Amino acid sequence: MNFTFYGHSCFSIEVGGKKLLFDPFITGNELAKDIDINSIEADFILLSHGHGDHVGDLVSIAKRTGAQVIGMYETINWVQAQGVENCHGMNYGAFDFPFGNARLVPAWHSSGLPDGSYGGNPGGWLIKTAEGNFYFAGDTCLSMEMQLIPRYAKVDFAILPIGGNFTMNVEDAVIAAEFIQCNKIVGVHFDTFGYIKIDHDTARKTFSGAGLHLVLPAIGETISL
Ligand code: NI
Ligand code: MN
């Protein structure tokens, strides 16, 4: 599967000929200033929660691409109120989409929308497809709920927040990798703000010391996972 990083927790995964975009937040991210958001294609946009650093560019990209926006029911109510018509609200549960099975799973965090609307509970995504399976934790601390992930699927790779302060840090993410039984981790939610700046070499070494591989993609980079 091709994985393209757009900075912070925004990335796109191409699977089964469909482009899945997660947590679009680009123009508010100084580190992603070289990304042209009008060049981003999407067939589906999946949201982990309603915070501005996850939905900042959602409305413009959704309206331009016509992509279907999928997320927690209350977050989707806000998306619809912004004039985005092609939406699919869920709660913690799974549904078969044209790209595969998407399960909204718990995250320990909060989820208010930029205008103060209630976003419902925050989540992460377990995506099962014919080409493989992956897990995106969203914004969360380390959670025992992650131990359920391998009961549902063997994940080929996982996208985990590693910046600390608002989410897991590197040490937490190493334990999360053990919980989900996955040794290929893509780190996200780091460096964007002062509180979440990390040392990349230390992060990589911490993972390799635990027998795990940490990928820290550059913004704009596409890698095969
Ligand atoms: Ni958040
Ligand atoms: Mn966040």
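This report describes a predicted model of one protein chain and the metal ions bound to it.

## Overall form

The chain is built from six helices and 14 strands. A compact globule of 225 residues would have a radius of gyration near 17 Å, and the chain has 16 Å, so the two values agree. Along its principal axes, the C-alpha trace spans about 50 × 35 × 35 Å.

Of the 225 residues in the chain, 56% are buried. Many contacts link parts of the sequence that are well separated: among contacts between residues at least 6 apart, 58% join residues at least 24 apart.

## Surface and charge

The chain exposes about 9,400 Å², and carbon and sulfur atoms supply 47% of that area. The chain carries 13 positive and 24 negative charges. The mean positions of these two groups are 5 Å apart.

## The metal site

Which residues hold the manganese ion (ligand 2)? Its protein donors are Asp-53 and Asp-139, each through OD, and His-54 and His-189, each through NE2. These donors lie 2.1 to 2.2 Å from the ion. In sequence, the spacing of the donor residues is D-H-x84-D-x49-H. The two histidines come from distant parts of the chain, 135 residues apart. His-54 belongs to helix H1 (residues 52–55), whereas His-189 sits in the loop between strand S12 (184–188) and helix H6 (200–209). Both His-54 and His-189 are buried.

A nickel ion (ligand 1) lies 3.1 Å from the manganese ion (ligand 2). Asp-139 forms a bridge between the two ions.

## Two threonines

Thr-75 is found in helix H3 (residues 73–81). Is this residue buried or exposed? Thr-75 has a relative accessible area of 1%, so it counts as buried, the cut-off being under 20%. Apart from neighbours within four places in sequence, Thr-75 is in contact with Leu-47, Gly-50, Ser-111, Leu-113 and Gly-119.

Thr-129 lies in strand S9 (residues 123–129). Its relative accessible area is 12%, and therefore Thr-129 is buried as well, by the cut-off of under 20%. Leaving out neighbours within four places in sequence, the contacts of Thr-129 are Met-1, Val-15 and Phe-99. Thr-129 and Gly-16 are 113 residues apart along the chain, while their C-alpha atoms are separated by 7.9 Å.

Key. Residues are numbered from 1 along each chain as its sequence is written. Chains are lettered from A and ligands numbered from 1 in the order in which they are written. This is a predicted model: local features need pLDDT of at least 70, side-chain atom pairs count only at pLDDT 80 or more; totals for chains, interfaces and linings use all residues. Side-chain values use heavy atoms; hydrogens and water are left out. Donors are N, O and S atoms within 2.8 Å of the metal (3.2 Å for Na, K and Ca); water is not among the atoms, so sites may look incomplete. Helices (H or I, at least four residues) and strands (E, at least two) are DSSP runs, numbered from the N terminus. Buried means under 20% relative accessible area, exposed over 50%, partly exposed in between (1.4 Å probe, protein chains only). The radius of gyration is taken over C-alpha atoms; the globule rule is 2.2 Å times the number of residues to the power 0.38. Contact means heavy atoms within 4.5 Å. Accessible areas come from the Shrake-Rupley method with a 1.4 Å probe; for residues, only the protein chains shown count as cover. Lys and Arg count as positive and Asp and Glu as negative; His and the chain ends are not counted. The place of a charge is taken as NZ of Lys, CZ of Arg, CG of Asp or CD of Glu.
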